[in-house]
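Colleague: I'm new to this one. Could you walk me through how to read a few of its features?

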Protein chains: 2
Amino acid sequence: MLKTSFPSRAVIREVGLRDGLQSIQTILPTELKCEWIRRAYEAGQREMEVGSYVPARLLPQLADTAEVVAFAKTLLDLVVSVLVPNLKGAERALETGAHAMLVPLSASHAHSLANLRKTPDEVVAEIARMRAVRDAAGSKTRIEVGISTAFGCTIQGEVPHEEVLRCLQAVLDAGADQVGLADTVGYAGPGAVRELFEKARRIAGDRLACAHFHDTRGLALANVHAALETGIERFDASLGGIGGCPHAPGASGNASTEDLAFMLDEMGIETGLDIVALLALRADLVRWLPNEMLHGSLSRAGLPKTFTVRSPNDSTADIR
Amino acid sequence: MLKTSFPSRAVIREVGLRDGLQSIQTILPTELKCEWIRRAYEAGQREMEVGSYVPARLLPQLADTAEVVAFAKTLLDLVVSVLVPNLKGAERALETGAHAMLVPLSASHAHSLANLRKTPDEVVAEIARMRAVRDAAGSKTRIEVGISTAFGCTIQGEVPHEEVLRCLQAVLDAGADQVGLADTVGYAGPGAVRELFEKARRIAGDRLACAHFHDTRGLALANVHAALETGIERFDASLGGIGGCPHAPGASGNASTEDLAFMLDEMGIETGLDIVALLALRADLVRWLPNEMLHGSLSRAGLPKTFTVRSPNDSTADIR
């Protein structure tokens with residue numbers, strides 16, 4: 001009955017500095033963001049979304065993105081990503097030399113209009129312009145499009161798979177280097193994850209490179225488990241599941257980095273991460289954000305007595 | 001890459017009335033226990049562990065087990081289970097006509113001594129005596145043994161798979177009708193779940209009939225997902241994840257019934273459960289236990305806008 005194979009390695013991209021911090025009220029000072037990045041890097045994280053190039057008046061929490069990108073770029077082999085909602089943001093990403101620009105495209109027409117004041121097709125056209133500008137600049141900055149509300153939408157309700165896949169094809173045609181699927185509002189379960197990632201794989205092949213889950217209804221890790229079986233090897237997560245869900249007060253936000261790292265470690269999937277160091281960093285994040293609620297289970301329960309500490313990049317695959 | 005199949009149906013056995021209530025301070029009055037059972041039954045639950053035949057001085061929370069069993073037996077087709085730690089308990093289960101007696105056997109020698117003051121092999125011998133008494137009485141009460149601490153132990157640490165499987169074989173030889181594996185302390189992850197359930201299946205075949213996970217480190221639902229792939233179709237869970245973990249203050253207890261029901265529903269696995277009714281019952285449980293912390297994510301986040309209400313025993317397998 002068991003014929004699935006799991007990847008031997010997986011990447012957890014830290015998105016707490018963007019998806020997390022933009023969803024809370026507290027503005028974390030630039031020096032603490034840099035401290036977070038440095039410590040996460042020391043704990044083995046090699047991909048981070050560190051901010052967003054949107055007008056500061058819209059997201060004052062992320063107004064220092066250019067400074068944060070500049071610091072993050074000083075860390076060897078760290079892939080520095082930044083969210084860009086439009087061409088202007090893409091130009092800033094190119095100017096500041098981010099390694100990847102993450103472009104959200106909402107497959108929900110209603111969400112797209114509410115969030116970006118553009119239809120999905122207008123976003124596709126913007127992505128084509130981003131690609132042209134990137135190529136004209138001779139830049140290597142990767143363009144990665146995350147199809148948001150891919151599993152449903154709090155405004156529109158159902159988002160048909162056909163529409164998600166149509167958007168996926170359109171952004172690939174427009175020049176996206178990589179694509180991912182995002183469960184922006186926490187509607188996904190393992191059934192839909194398996195089905196939609198399989199379908200998306202048939203369209204995007206190896207350019208399907210990321211899964212982004214929220215733990216709103218407690219299913220983020222089960223969803224990761226299902227996505228791993230479709231060949232996904234990169235997951236967005238945020239330390240302490242920071243961010244919450246604006247649509248469901250008190251509910252969890254992103255998959256929590258430390259819980260996800262623990263699960264992958266248990267499965268013998270190498271992440272290169274030092275979970276003890278991540279937990280120590282999370283404890284400091286709690287201190288830095290005294291008025292915010294953090295999430296995740298490992299930090300409350302502690303590591304099991306049977307846990308084997310592995311140094312980052314230890315390639316021992318089987319700990320039991 | 002995807003060759004696994006999932007079962008078309010699964011059973012969630014409610015264990016909150018035993019595993020949940022024995023782990024908290026509040027003593028729930030008998031009439032509220034009966035109300036819980038009645039409402040859970042109306043929501044479609046057909047298997048419940050309703051108490052434990054242990055001395056009342058040890059577990060005053062469950063001192064009314066015989067009364068609760070008597071009530072539960074009035075509900076048509078409800079499979080009424082009761083935990084029994086020893087022969088005396090088994091005799092009471094037979095006297096009161098419980099449909100199943102659940103016998104815990106800890107694969108951790110240290111945990112077995114601490115919990116039952118018996119070695120695993122002494123428990124095996126007791127199970128053989130239970131089987132003899134059951135057969136002599138001409139009773140149909142099922143004997144189900146749960147191998148506890150199967151994935152590790154807070155006292156002993158690692159519990160070797162060989163020892164778990166040795167215990168499994170021994171209890172089958174001693175006359176257990178069914179066996180299950182329990183992650184008593186919340187150490188299991190999908191890797192170990194898959195490996196150990198596959199090994200156990202080779203020994204117990206169809207008599208391997210249950211998985212019991214705790215959500216201590218947030219992995220209960222991912223563990224269910226992994227166990228489903230090894231052919232497990234019955235899962236213990238407790239409403240509101242009631243129970244906590246005595247070894248990790250603040251941490252979650254059993255997998256929460258409503259979150260698990262939601263996940264299975266999303267996967268198109270029929271449970272016969274009315275999730276809306278379960279959430280309403282959980283809200284009352286919160287009222288009945290004002291000093292206890294309940295867990296689970298669905299109750300905070302609410303059902304997705306895309307959720308389709310199905311009547312109990314609706315056989316429509318695919319909701320999307």
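Modeller: Sure. When we compare copies, they are superposed by least squares on the C-alpha atoms of residues with pLDDT of at least 70 in both. Keep in mind that this is a predicted model.

Colleague: What rotation superposes chain A on chain B?

Modeller: A rotation of 180°, with 0.0 Å of shift along its axis, and the RMSD comes out at 0.0 Å. That makes the relation a two-fold axis. In chain A, the C-alpha of A222(A) is the nearest to the axis, 2.0 Å from it. Both copies use the same surface, as 100% of the contact residues of chain A recur in chain B.

Colleague: Next, cysteines. How many disulfides does the structure hold?

Modeller: A disulfide is a covalent bond between the sulfur atoms of two cysteines. Here there are zero over all chains. Take C167(B): its nearest cysteine sulfur belongs to C153(B) and lies 12 Å away. The cut-off for a pair is 2.5 Å, so C167(B) is in no disulfide.

Colleague: And is C167(B) buried or exposed?

Modeller: Buried means under 20% relative accessible area. C167(B) has 1%, so it counts as buried. Over in chain A, C153(A) is buried too, at 0%.

Colleague: Let's try a residue in a strand. Where is V82(A) placed?

Modeller: V82(A) sits in strand β3 of chain A, which covers residues 79-83. V82(A) is buried, because its relative accessible area is 0%.

Colleague: Which residues is V82(A) in contact with, leaving aside its neighbours within four places in sequence?

Modeller: Among them are G51(A), Y53(A), T65(A), A98(A) and M101(A). As for L17(A), 65 residues away along the chain, its C-alpha is separated from that of V82(A) by 9.9 Å.

How values were computed:
Residues numbered from 1 in each chain as written. Chains lettered and ligands numbered in written order. Predicted model: local features only at pLDDT ≥ 70, side-chain atom pairs only at ≥ 80, totals over all residues. Heavy atoms only, no water. Buried < 20%, exposed > 50% of the residue type's maximum accessible area, 1.4 Å probe, protein only. Helix = DSSP H or I, 4+ residues; strand = E, 2+ residues; numbered from the N terminus. Contact = heavy atoms within 4.5 Å.
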